Amino acid sequence: MLGLATTATATTTPTVAKNRVLCISGRVQPGFVQWFQSSSVAFYHSFSPSLRSNFCPVKGMAEVDTISIPEAQSQFTASGNRQALISLSDKKDLAFLGKGLQSLGYSIISTGGTASSLENAGVSVTKVEQLTCFPEMLDGRVKTLHPNIHGGILARRDKKHHMEALNKHGIGTFDVVVVNLYPFYDKVSSGGIEFEDGIENVDIGGPAMIRAAAKNHKDVLVVVDSQDYSALLEFLQGNQDDQLFRRKLAWKAFQHVASYDSAVSEWLWKQTEGDKFPPSLTVPLSLKSSLRYGENPHQKAAFYVDKSLSEVNAGGIATAIQHHGKEMSYNNYLDADAAWNCVSEFTNPTCVIVKHTNPCGVASRDDILEAYRLAVKADPGSAFGGIVAFNIEVDEALAKEIREFRSPNDGKTRMFYEIVVAPKYSRKGLEILRGKSKTLRILEAAKNKKGKFSLRQVGGGWLAQDSDDLTPEDVQFKSVSGKAPQESELRDAEFAWLCVKHVKSNAIVIAKNNCMLGMGSGQPNRLESLRIATRKAGDEVKGAALASDAFFPFAWNDAVEEACKSGISVIVEPGGSIRDGDAIDCCNKYEVSLLFTDVRHFRH
């Protein structure tokens, strides 16, 4: 195979020096085998499994000789028996697969633990080393990286010279390859794994076999998911030649390897630079559900879960459990995410109600029932048909209140919601909510972990940033006006500031006594957002706190002065305008406290 040094004929006995290696290609007769076994030659032979069991691995390779067997003795049809190669880390439904393939007449070639499991299930197996005549080595790093394996996978059946090459070297073809990979993702995401252990869990041979089979999918069926075993057996049983089926399996195989490699890449980057923004980035997404439509009925849509290592046990709406109700829609996911992100910011018992991703009602109270009523009262019209979120358990009493509460607008209309989301539910609370409506979606979610990676798509690219995790405890509220705020006013300012970071820019929130009274959002002109917020707050604006997500570009005859005239007692904003002095002077004139945070909360 590597070189021709000696030629044997039917009438000659080859002379081979001791301590040399002999590589044989072709079919040999038993007498020839006995001659080798009695000689001092380390040998390698590539041929059919029926003879290969008589030979054993190469022990050394100082020099190599090749003997050509006469044509009459070396004929071997590489495409004879149908063969399946199976090598699995996750052995779910392995016995079902093995027995199914065996019943269809497939010879099964397998590795290590997979072979043992098949044998224990009563399935006949040829071990890989019997094909390669080479033992598993380097602590399992080298098992299947061999021409006898990859040649049988990659050879194109429609290429005459490919098949001649297999026949020449006595290599059989594989018709089916079933492989899954070392559990790298589970190992490194479980926490506490040493770097060397992580490296050892990087699969090499598995991806090589998967990629080879997927590339040659016209001739080789490749399976990486146990859920496809039944479809595979049905396909084989029908003796079909559906290239679309083969292509789908090939796509799945390449995607499987790509996701695996992205996990390795993500983990290894964190072990090196540690920078959150690597030079290149792959985000593995897994389809969770096909949606009825997108933002509008004419748009098709789907929902994917982020399988990045950074998202393991990181909480969020994507991993929420749905206990009841209609399937989630595209807009449901957006609104539920906004409500959950907002309510999770608060430490005291809090209710948040969201409509079109903006909080229209927020209230914190020791009594969560009161907090819920106040959140609805802030804007009953917007709350109707919205998403209601809590940061504590929904028990029987709260569930009854959600089910029976009437709109403050008329005292008659029972409040309707698309979604209720909370960290947990009591058994009775869940039972009551299920009785409110067949369509009410009930979600149980885990709080988002801080420090997440935020991605947003623009045409032809993605924007990446840290999540906005700052809370009032992380920020200094600096008094810059002549009148310092009272303790209660400072608390109101902090509450309003925490609310306004979740409102679309330009954003204004008016709050008092841990309750949002009004908000203005999404206006190009900050003055218009202020007017919307004060209108919603009504007479309760007097003595309340006002928070702005960004600085006020103008003060006199603009937003700051209008806020002061409305009766606001304290204003909190980032500061940073070239006209900050005007804002300070205006607040001093009306004896309103002004706080700067040096932190902006734009939300586009």
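Partly exposed means a relative accessible area between the cut-offs for buried, under 20%, and exposed, over 50%. Lys400, with a relative accessible area of 38%, is therefore partly exposed. The structure described here is a predicted model.

**Salt bridges**

The model holds 27 salt bridges. One of them joins Arg373 and Glu401, with the closest N and O atoms 2.8 Å apart. This pair links distant parts of the chain: Arg373 belongs to helix H14 (residues 368-377) and Glu401 to helix H16 (residues 396-404), with the two positions 28 residues apart in numbering. The partners fall into separate classes of exposure: Arg373 is partly exposed at 33% relative accessibility, whereas Glu401, at 17%, is buried because its value is under 20%.

Helix H16 also carries a salt bridge within itself. Lys400 and Glu396 both lie in H16, four residues apart, about one turn of the helix, and their side chains meet at 3.3 Å, N to O. Glu396 is partly exposed, with a relative accessibility of 33%.

A pair with this spacing is found in helix H17 (residues 427-436), where Arg427 and Glu431 are four residues apart and so separated by about one helical turn. An α-helix has 3.6 residues a turn, so residues three or four places apart point the same way. The N to O distance between the side chains of Arg427 and Glu431 is 3.7 Å. Arg427 is exposed, with a relative accessible area of 66%, while Glu431 is partly exposed at 42%. Elsewhere, salt bridges that share partners join Arg403, Glu404, Arg406 and Arg414 into one network.

The three pairs described above are listed here.

| Salt bridge | N to O distance |
|---|---|
| Arg373 and Glu401 | 2.8 Å |
| Lys400 and Glu396 | 3.3 Å |
| Arg427 and Glu431 | 3.7 Å |

**An enclosed helix**

Helix H10 (residues 205-215) is largely enclosed by the rest of the structure, because eight of its eleven residues are buried. The buried residues are Gly205, Gly206, Pro207, Met209, Ile210, Ala212, Ala213 and Ala214. Their cover includes three strands, E4 (83-87), E7 (176-179) and E8 (221-223), as well as helices H6 (147-154) and H12 (243-270).

**A nonpolar surface patch**

Leu281, Leu455 and Trp462 make a nonpolar patch of about 320 Å² on the surface. Of these residues, Leu455 lies in strand E17 (residues 453-458). Leu455 has a relative accessible area of 32% and is therefore partly exposed.

Notes
Residues are numbered from 1 along each chain as its sequence is written. This is a predicted model: local features need pLDDT of at least 70, side-chain atom pairs count only at pLDDT 80 or more; totals for chains, interfaces and linings use all residues. Side-chain values use heavy atoms; hydrogens and water are left out. Patches are made of residues with over 30% relative accessible area and no salt bridge: like charges are joined within 9 Å, nonpolar side chains (Val, Leu, Ile, Met, Phe, Trp, Tyr) within 5 Å. Accessible areas come from the Shrake-Rupley method with a 1.4 Å probe; for residues, only the protein chains shown count as cover. A salt bridge is a side-chain nitrogen of Lys or Arg within 4 Å of a carboxyl oxygen of Asp or Glu. Buried means under 20% relative accessible area, exposed over 50%, partly exposed in between (1.4 Å probe, protein chains only). Contact means heavy atoms within 4.5 Å.
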